[in-house]
Amino acid sequence: MLNGKTIDLGRGTSTFMRKVQDLLPEGGNLNMCLTCGACSAGCPATGLEGMDPRKFLRMAAMGMDEEVTSTPWVWMCTMCQRCIYVCPMKIDIPRLVYEARASWPRESRPKGIMGSCDMALRNESGSAMGTAPQDFAFVVEDMLEECRESQPEFADMEAPIDKEGAEFFINQNSREPVTEPEELMPLWKILHVVGADWTYGSKGWAAENYCMFLADDQSWEHITRQSAEKAAALRCKVFLNTE
Amino acid sequence: MTYSVRAGLKKFGIEHRFEVKNIYEYYAKWIREGKLKVNSDWNRELGLKFTVQDPCQIVRKSYGDPIADDLRFVVKSLVGEENFIDMVPNRSNNYCCGGGGGFLQSGFRDQRLAYGRVKDEQIRATGADYCVAACHNCHAQIHELSEHYGGHYGVVHLWTLICLSLGILGPNERTYLGDDLREVNVFHPETAV
């Protein structure tokens, strides 16, 4: 018995799991589970919604597609991949979770994640807070001016946007320019002290990507491509992530 | 974010010539090269204890133990070897704090806090005054865990500690720190607002 329903072992056809196996090299080892439970024993999401990684995989293997693709547990697993790390067979359970997320109608997925992804699609910043490139530039200039004036040791510090040929293309979590702009300064000061040649991009400067968490492949690709194209256009050598 | 870029470039076959790196590696490099002249003198008498959260997206999912070692080298250089206490387990085997994967935005708050209980217990077992969280989602989640479960440990960004150690952290760039660090090595204290 599972959730009050009898398990129909005769069903045996797991369309969902087979679909995910087809996407992965070696089928993600999804049918190699030894049921040892190492995944579940070390998973902080074990027990939430009565689910755990091993149970989720077994249910998928038994063809309980409806349950697997409707449990909200897939939004409580963070896809941190610790289960793969400890698994003797290196089974890609997080990918199964990702595809289960993707199987939800987009409008039924958690509104907060969807909203953050949609915000990032609004303009060319890629920011989950919807911050436009010109607003980002305004904050950067404003904070830089303030820092140069109040801390004269940094009077020649720079925080360039779209500097061609810079070594580092740096991205920044939107929460900094939008809600805590003074948090931009420690990073700039460090880069100044070491003499780093860096730049932000007017496009794709935002570090976060909620479209990936939404399991929206098309939007994830758009956000990544937008940043990558800007870094390439500026001929930066290193795409440097701050987080 | 390191993982979404790395994994995205690969998954979608996006051609590129640049390398994708995380700044922890560079912090370590710049300290080793003497470009970032950090030290832990500010903490010698204070003796504040620190632990560090290994962000899953950067350690386990991207660069593995080498970057976790760089992260520890940086933190120890900043706070003093004797003031660093590791969580168990750690590095690639670390537990996720529950801030990732969109959990913070998903609306499942109770479940997210229940998920984070493991992390809270891990941090408390170290007895640290501060947990270094150099990833925004980890920072937000661990801060909430500290308040929710009553551990009252602080959470600190890596760049805050680096500038504190260098003596270039202004008063307005440390407003989220505890009272124990508010007056330490303040750069241009007259600019406080």
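**Stop 1: helix α8 of chain B.** Select residues 158-166 of chain B, helix α8. B:Leu158, B:Trp159, B:Thr160, B:Leu161, B:Ile162, B:Cys163, B:Leu164, B:Ser165 and B:Leu166 are buried there. The helix is mostly covered, with nine of its nine residues buried. This is a predicted model.

What do the buried residues of α8(B) pack against? Show α10 of chain A. Then add, from chain B, α2 (23-32), α4 (65-79), β3 (130-132) and β4 (154-156). The buried residues of α8(B) pack against these elements of both chains.

Now step off the end of the helix. B:Gly167 follows α8(B). The phi of B:Gly167 is positive, near 75 degrees.

**Stop 2: the loop after α8(B).** Select B:Gly178. This glycine sits in the loop between α8 and α9 (179-182) of chain B. Is B:Gly178 partly exposed or buried? A residue needs 20 or more other C-beta atoms within 10 Å to be buried, and 12 or fewer to be exposed. B:Gly178 has 15 C-beta neighbours inside 10 Å, so it counts as partly exposed. Next, draw a distance from B:Gly178 to B:Lys119. Their C-alpha atoms are separated by 21 Å, and the two residues are 59 apart along the chain.

**Stop 3: the sheet within chain B.** Select β2 (50-52) of chain B, then add β3(B) and β4(B). These three strands form an open sheet in the order β2-β3-β4, with parallel pairing. β2 and β4 of chain B are the edge strands, and each pairs on one side only. On average, neighbouring strands here are turned by 30 degrees against each other, direction ignored.

Zoom in on β3(B) and β4(B). They run parallel and are joined by three bridges. Pick B:Tyr130: B:Gly154 in β4(B) stands opposite.

**Stop 4: the sheet that takes strands from both chains.** Four strands make an open sheet in the order β2(A)-β1(A)-β3(A)-β1(B), with parallel pairing. Why is one side of β2 (198-199) of chain A and of β1 of chain B left without a neighbour in the sheet? Both stand at the edges, each with a single partner strand, so one side of each stays free of a sheet neighbour.

Start at the β2(A) end. Select β1 (residues 168-170) of chain A, which pairs with β2(A) in the parallel sense over two bridges. A:Phe169 has A:Thr199 in β2(A) as its bridge partner.

Move to the other end. β3(A) pairs with β1 (residues 19-22) of chain B in the parallel sense, over four bridges. Label A:Phe239 and B:Val20: they stand opposite each other, B:Val20 being in β1(B).

Now add helix α1 (residues 2-11) of chain B. This helix lies across β3 of chain A together with β1 of chain B. α1(B) runs at about 160 degrees to β1(B).

**Stop 5: where the chains meet.** Colour by chain. Contacts link 54 residues of chain A with 55 residues of chain B. On the chain A side, two or more residues each come from α5 (82-86), α7 (111-120), α10 (184-193), α11 (210-213), α12 (217-233) and β3 (238-241). Which element gives the largest share of that side? Helix α12(A) does, with eight residues. By class, the chain A side has 31 nonpolar, 12 polar and 11 charged residues.

**Last stop: the domains of chain A.** Select 9-104 for domain 1 and 111-240 for domain 2, as the domain assignment gives them. The C-alpha centres of the two domains of chain A lie 35 Å apart.

Methods. Residues numbered from 1 in each chain as written. Chains lettered and ligands numbered in written order. Predicted model: local features only at pLDDT ≥ 70, side-chain atom pairs only at ≥ 80, totals over all residues. Contact = placed C-beta atoms within 7 Å. Nonpolar A, V, L, I, M, F, W, Y, C, P; charged D, E, K, R; others polar. Pairing = 2+ DSSP bridges. Axes fitted to C-alpha atoms, helices over the stretch in contact; angles between N-to-C directions. Domains from an automatic or database assignment.
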